[in-house]
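Visitor: Could you walk me through one part of this model in detail? I'd like to stay with the metal site and hear how it is put together.

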Amino acid sequence: MCRTSEEEIKNYIKAGEISYRVKDYVEKLVKPGIKLVEVAEKVESYIRELNAQPAFPLNISVNEIAAHRTPLIDDGEVIPEDSIVKVDIGVHVNGYIADTAITLVFNDKLGKLAEAASDALEKAILAVSPGVRFSDVGAVIESTIRKYGFKVIKNLSGHSLDRYNIHAGDIIPNFKDPISHGKFRVGRAYAIEPFATDGKGAVTELRQVQIYALKKTKLGFGLTDDERKVLEVISERFKTLPFCERWLRDVIEDVASLRNVMRSLVRKGYLRQYPVLVEIRAGAVSQFEETIYISKEGVIVTSNPELSGGR
Ligand code: MN
Ligand code: MN
């Protein structure tokens, strides 16, 4: 049992170290004018070169888009001038995940907005110990972001992580949520992710869906050959982790046919969808995220050794 947990810590740390290198790569790569799809493909390839796998498609969310935006195969969008860009990176090693995000600012007026989320995350991490309530860390996040004159996005939150499972059940609110009673525990991994905005402080779903995950694994009747083939590949490659159409190009080359198959699998209940999330008043959004692991010896910030040292 002890061996298992050491193996677990080792994998979490390895995934975290790789994610830290990936963030550095992202900072150098992302500039106004570059295509989102080029960023995603390069970053995901870099993760694979470092002997890990993306734990979910790279999220590149511009301005008022908060999350769940990953480029389509034929995506034409480029990083705009004067923008604020969230890049959310998932790396896994043997199913052990580092979930981490940074905000890049190409507009001097939005620098403080990014700083608010980054400062909130650092202070939140310092507040974590075994037995501390999730909502107390949420309170630290909210009060820090408020001091900068911004709002937290209340309907986005951090979460516990488990092997091959990004959202493992616990929710870490970005405010002092009175209905949250959970506490940080030893032997668990968590992602903490404050979002700050100059808008209303909430997100809503757009109709666009670019990220999916497998919902049921048991294949029933009424599937076409293509649907069956796609489901088998998804379950083999991604298990229940999120994925996108770019990762299935080799299975069905024709983009329109691939999209038809995916739509049909959603309708038949095999796939869940993660719609693109936008700030409800179209406010600019910033986000920073780190993954932590609480060992018996203390809190390890797996995705950021610099912050680990600060504890
Ligand atoms: Mn994330
Ligand atoms: Mn997360």
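Guide: Here is a walk through the metal site, one ion at a time.

A word on ground rules: this is a predicted model, so local features need pLDDT of at least 70 and side-chain atom pairs count only at pLDDT 80 or more, while totals for chains, interfaces and linings use all residues. Residues are numbered from 1 along each chain as its sequence is written, chains are lettered from A and ligands numbered from 1 in the order in which they are written, and side-chain values use heavy atoms, with hydrogens and water left out.

Let's start with the manganese ion (ligand 1). Its protein donors are two OD entries from Asp 88, plus Asp 99 (OD) and Glu 289 (OE), at 2.1 to 2.3 Å. Donors here are N, O and S atoms within 2.8 Å of the metal (3.2 Å for Na, K and Ca); water is not among the atoms, so sites may look incomplete. Along the chain, the donor residues of this ion read D-x10-D-x189-E. Asp 99 sits in strand S5 and Glu 289 in the loop between strand S13 (285–287) and strand S14 (290–295), so this pair links parts of the chain 190 residues apart. Strands are DSSP runs of E, at least two residues, numbered from the N terminus. Glu 289 is buried, at 0% relative accessible area; buried means under 20%, exposed over 50% and partly exposed in between, with a 1.4 Å probe and protein chains only.

Now the manganese ion (ligand 2). Asp 99 (OD), His 159 (NE2), Glu 193 (OE) and Glu 289 (OE) coordinate it at 2.1 to 2.2 Å, with the spacing D-x59-H-x33-E-x95-E. Asp 99 bridges both manganese ions, which lie 3.2 Å apart. Asp 99 belongs to strand S5 (residues 96–105) and His 159 to strand S7 (residues 158–161), so the two tie together parts 60 residues apart in sequence. Both are buried: Asp 99 has a relative accessible area of 3%, and His 159 comes in at 1%.

Back to Asp 88, which is in strand S4 (residues 84–93). Asp 88 is buried yet has no salt bridge, and the nearest side chain of opposite charge, Lys 23, is 9.5 Å away. Lys and Arg count as positive, Asp and Glu as negative, with His and the chain ends not counted; a salt bridge needs a Lys or Arg side-chain nitrogen within 4 Å of an Asp or Glu carboxyl oxygen. Leaving aside neighbours within four places in sequence, the contacts of Asp 88 (heavy atoms within 4.5 Å) include Phe 56, Asn 59, Asp 99, Glu 193, Gln 287 and Glu 289.

Note on methods. Helices (H or I, at least four residues) and strands (E, at least two) are DSSP runs, numbered from the N terminus.
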